[in-house]
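Subject: Structure for your review

Dear colleague,

Please find below the structure that I am handing over to you. After it, I set out what was found, residue by residue and then for the protein as a whole.

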Amino acid sequence: MATKELKSYSLEEMKDKYIGKVGTSERDEYEYELRMDVLGKMIKTVRQERHLTQEELGKLIGVQKAQISKLENSANSATIDTILKVFKALKAEINFNIKLEDNIVKLA
């Protein structure tokens, strides 16, 4: 009895198939949401490493505990200014990469 060889797929191939190709609005939205989710998790991790509560971090940057909670669960609604304040309060460095067509500009 012959065995059937299984084909393996890369993550990129699966995202192309089930979410959409790079450059489509569906794929762009997915990638944005994923980045914001990762950013929120990073904020939570660093906050916990610094032994701060959400309320304490909120006081450091002048926002309510609820806003820190929303930020940690998904950074979608946060402004860049708020994100920068959070990382400054956490004494953590954040870098942005901005891709302009074929050029990459790094902001520190």
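I begin with Lys21, which is found in the loop between α1 and α2. Please keep in mind throughout that this is a predicted model. Lys21 has a relative accessibility of 53%, and because exposed means over 50%, Lys21 counts as exposed. When its neighbours within four places in sequence are left aside, Lys21 is in contact with Asp16 and Arg27.

Both of these partners reappear among the charged residues. Glu12, Lys15, Asp16, Arg27 and Glu31 are linked in a network of salt bridges. As a general point, side chains of opposite charge can pair when their charged atoms come close. Within the network, the side chains of Lys15 and Glu12 meet in a salt bridge, with 3.2 Å from N to O. Lys15 and Glu12 both belong to helix α1, which covers residues 11-18, and they stand three residues apart, about one turn of the helix. Are these two residues buried or exposed, or something in between? Lys15 counts as buried because its relative accessibility is 9%, under the 20% limit for that class. Glu12, with a relative accessibility of 39%, counts as partly exposed.

In total, the structure holds nine salt bridges. Two others deserve a description.

The first joins the side chains of Glu72 and Arg47, with 2.4 Å from N to O. This pair links distant parts of the chain, since Glu72 is in helix α4 and Arg47 is in helix α2, 25 residues apart. Both Glu72 and Arg47 are buried.

The second is formed by Lys59 and Glu55, whose closest N and O atoms are 3.9 Å apart. Lys59 and Glu55 both lie in helix α3, four residues apart, which is about one turn of the helix. Lys59 counts as exposed because its relative accessibility is 65%, whereas Glu55 is partly exposed, with a relative accessible area of 44%.

A charged group also meets a ring in this model. The charged end of Lys7 sits over the ring of Tyr9, at 4.8 Å from the centre of that ring. As for pairs of aromatic rings, a search of the whole structure finds zero.

Next come the nonpolar residues. Which residues have the most contacts inside the largest nonpolar core? They are Leu39, Ile43, Leu71, Ile83, Val86, Phe87 and Leu90, in a core of 16 residues. The elements that give two or more residues to this core are α2 (25-49), α3 (54-61), α4 (65-73) and α5 (80-89). Helix α2 gives the most, with four residues. Val86 offers a useful place to look when you open the model: not counting residues up to four places away in sequence, Val86 touches Ile43, Leu57, Ile61 and Leu71.

Two residues call for attention on account of their backbone angles. In general, most residues other than glycine have a negative phi. His51 has a phi near 55°, a positive value in a residue other than glycine. His51 lies in the loop between α2 and α3, and His51 counts as exposed because its relative accessibility is 70%. Lys91 likewise has a positive phi, near 55°, and is not a glycine. Lys91 is placed in the loop between α5 and β1 (96-100). With a relative accessibility of 72%, Lys91 counts as exposed.

Finally, here is the protein as a whole. There are five helices and two strands, and their pattern along the sequence is α-α-α-α-α-β-β. The protein has 108 residues, of which 23% count as buried. Its accessible surface comes to about 8700 Å², and 54% of that surface belongs to carbon and sulfur atoms. Among contacts between residues at least 6 apart in sequence, 44% join residues at least 24 apart.

For a first look, I would suggest the salt bridge between Glu72 and Arg47, and then the surroundings of Val86, including Ile43 and Leu71.

With kind regards

Terms used: Residues numbered from 1 in each chain as written. Predicted model: local features only at pLDDT ≥ 70, side-chain atom pairs only at ≥ 80, totals over all residues. Heavy atoms only, no water. Core = buried A, V, L, I, M, F, W, Y, C linked by side-chain atoms within 4.5 Å. Buried < 20%, exposed > 50% of the residue type's maximum accessible area, 1.4 Å probe, protein only. Contact = heavy atoms within 4.5 Å. Areas by Shrake-Rupley, 256 points an atom, 1.4 Å probe, with all protein chains shown as cover. Phe/Tyr/Trp six-rings, centres within 6.5 Å; stacked < 30°, edge-to-face > 60°. Lys NZ or Arg CZ within 6 Å of the ring centre and 35° of its normal. Salt bridge = Lys/Arg side-chain N within 4 Å of Asp/Glu carboxyl O.
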